[in-house]
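Please go through the structure below with the text beside it. The explanation begins with one helix and works outward from there.

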Amino acid sequence: MRESSKCCSRQWRAALMLQLILPTDVQTALTCALTHAGVRECGGVLLGEHVGIDQFLVRMVTMQRPGTVTSFVRNLSGVATSIKRFCAKHGNDFRRFNYLGEWHSHPSFSVQPSSTDHCSMLDIVTTPQVGANFVVLLIIKLDASGQLEGSAHTYLPDGRYGCSTLVFESRR
């Protein structure tokens with residue numbers, strides 16, 4: 001494993017209180033993906049809506065072929081197309097609907113980001129071509145009862161990152 005020097009010198013600096021909300025339809029899609037992947041890691045991108053001050057509702061997740069038991073590498077193929085379609089569907093209102101970040105599973109491990117996860121997210125958010133004001137990393141797994149558990153972390157272009165609040169929306 002190689003770590004970029006960009007993130008090796010970073011410290012956990014501040015808790016960022018962004019709230020990421022997972023509606024039931026997205027929870028169902030994620031549960032199906034995790035069930036299909038079994039013990040292998042899987043993931044994709046998060047596309048969402050800005051619904052309040054520091055509140056984001058995940059409207060869509062992309063799915064990619066599962067990786068291995070210990071790793072998942074998101075393929076760039078098709079990601080730009082998925083983001084463009086999502087934004088076009090919502091009138092290209094980029095302030096409200098846009099790319100939020102990445103998600104992947106840790107079926108056999110803690111739902112906390114690894115050092116590789118932190119480095120990957122910092123690489124994304126600090127890449128000028130991405131042009132992101134922030135990115136979110138959602139890590140999920142199914143618990144012993146088959147329910148989703150997870151964590152959300154937010155990364156800023158200045159290198160700060162921290163834990164965010166993950167809300168599993170309940171059925172009405």
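The helix α3 has a face turned away from its buried side, and on that face sit the exposed residues Lys84, Arg85 and Lys89. This is a predicted model, and everything that follows should be read in that light. The buried residues of the helix are Val79, Ile83, Phe86 and Cys87. Looking down the axis of α3, these buried residues fall within an arc of 95°, so they line one face of the helix. Among the elements that cover the buried residues of α3 are β2, β3 and β4.

Both ends of this helix deserve a look. Gly78 belongs to the loop between β3 and α3, and with a relative accessible area of 39% it is partly exposed. Just after α3 comes Gly91, which takes a positive phi of about 70°. Asn92, found in the loop between α3 and β4, also has a positive phi, of about 50°, although it is not a glycine. At 41% relative accessibility, Asn92 counts as partly exposed. Asp54 is another residue that is not a glycine but has a positive phi, here about 55°. Asp54 is placed in the loop between β2 and β3, and its relative accessibility of 44% makes it partly exposed.

Now step back to the whole chain. How many helices and strands does the protein have? The secondary structure comes to four helices and seven strands. Read along the sequence, these elements follow the pattern α-β-α-β-β-α-β-α-β-β-β. The protein has 172 residues, and 42% of them are buried. Take the contacts between residues at least 6 apart in sequence: 70% of these join residues at least 24 apart.

The next topic is the interior. In soluble globular proteins, nonpolar side chains tend to be buried together. In this model the largest nonpolar core has 23 residues, and Leu20, Leu30, Leu46, Val58, Trp103 and Leu138 touch the most other members. At least two residues of this core come from each of β1 (19-22), α2 (24-37), β3 (55-61), β4, β5 (135-142) and β6 (148-155). The element that gives the most to this core is α2, with five residues. A second, separate core has 19 residues, including Phe97, Tyr99, Val125 and Leu137.

Val58, one of the residues named for the largest core, can be followed one step further. Which residues is Val58 in contact with, leaving aside neighbours within four places in sequence? The contacts of Val58 are Leu20, Ile21, Leu22, Pro23, Val26, Leu46, Leu47, Gly48 and Leu100.

Two loop residues come next. Thr62 lies in the loop between β3 and α3. Is Thr62 buried or exposed? Its relative accessible area is 13%, so Thr62 is buried, the cut-off being under 20%. Not counting residues up to four places away in sequence, Thr62 touches Gly43, Gly44, Val45, Ser82 and Trp103. From C-alpha to C-alpha, Thr62 and Glu102 are 9.3 Å apart in space, while 40 residues separate them in sequence. Gly78 and Thr62 are 16 residues apart in sequence and 9.6 Å apart in space, again C-alpha to C-alpha.

The other loop residue is His106, which lies between β4 and α4 (115-126). With a relative accessible area of 6%, His106 is buried. Its contacts, not counting residues up to four places away in sequence, are Glu41, Val111, Gln112, Ser114, Asp117, Ile139, Ile140 and Lys141.

The last topic is empty space. Rolling a probe the size of a water molecule over the atoms shows where empty space is left. About 810 Å³ of space lies in the largest pocket of this model. Its lining has 30 residues, and Asn98, Tyr99, Ala132, Asn133 and Phe134 lie nearest the centre of the pocket. Tyr99 has already appeared as a member of the second core. What kinds of residue make up the lining of the largest pocket? The lining divides into 17 nonpolar, six polar and seven charged residues. The elements β2 (43-52), α3 (79-89) and β4 (97-105) each supply at least two residues of this lining. The helix where this explanation began, α3, is thus one of the elements that contribute to the lining of the largest pocket.

Methods:
Residues are numbered from 1 along each chain as its sequence is written. This is a predicted model: local features need pLDDT of at least 70, side-chain atom pairs count only at pLDDT 80 or more; totals for chains, interfaces and linings use all residues. Side-chain values use heavy atoms; hydrogens and water are left out. On a 1 Å grid over the protein atoms alone, a cavity is a set of points where a 1.4 Å probe fits but cannot get out, and a pocket is an open set with protein on both sides within 12 Å along at least five of seven lines; lining residues have an atom within 4 Å of a point. Grid points are joined across faces, edges and corners, and a volume is the space filled by probe spheres set on the points. Ala, Val, Leu, Ile, Met, Phe, Trp, Tyr, Cys and Pro count as nonpolar, Asp, Glu, Lys and Arg as charged, and the others, Gly among them, as polar. A nonpolar core is a set of buried Ala, Val, Leu, Ile, Met, Phe, Trp, Tyr and Cys residues joined through side-chain atoms within 4.5 Å. Buried means under 20% relative accessible area, exposed over 50%, partly exposed in between (1.4 Å probe, protein chains only). Contact means heavy atoms within 4.5 Å. The arc is that of the directions from the helix axis to the C-beta atoms.
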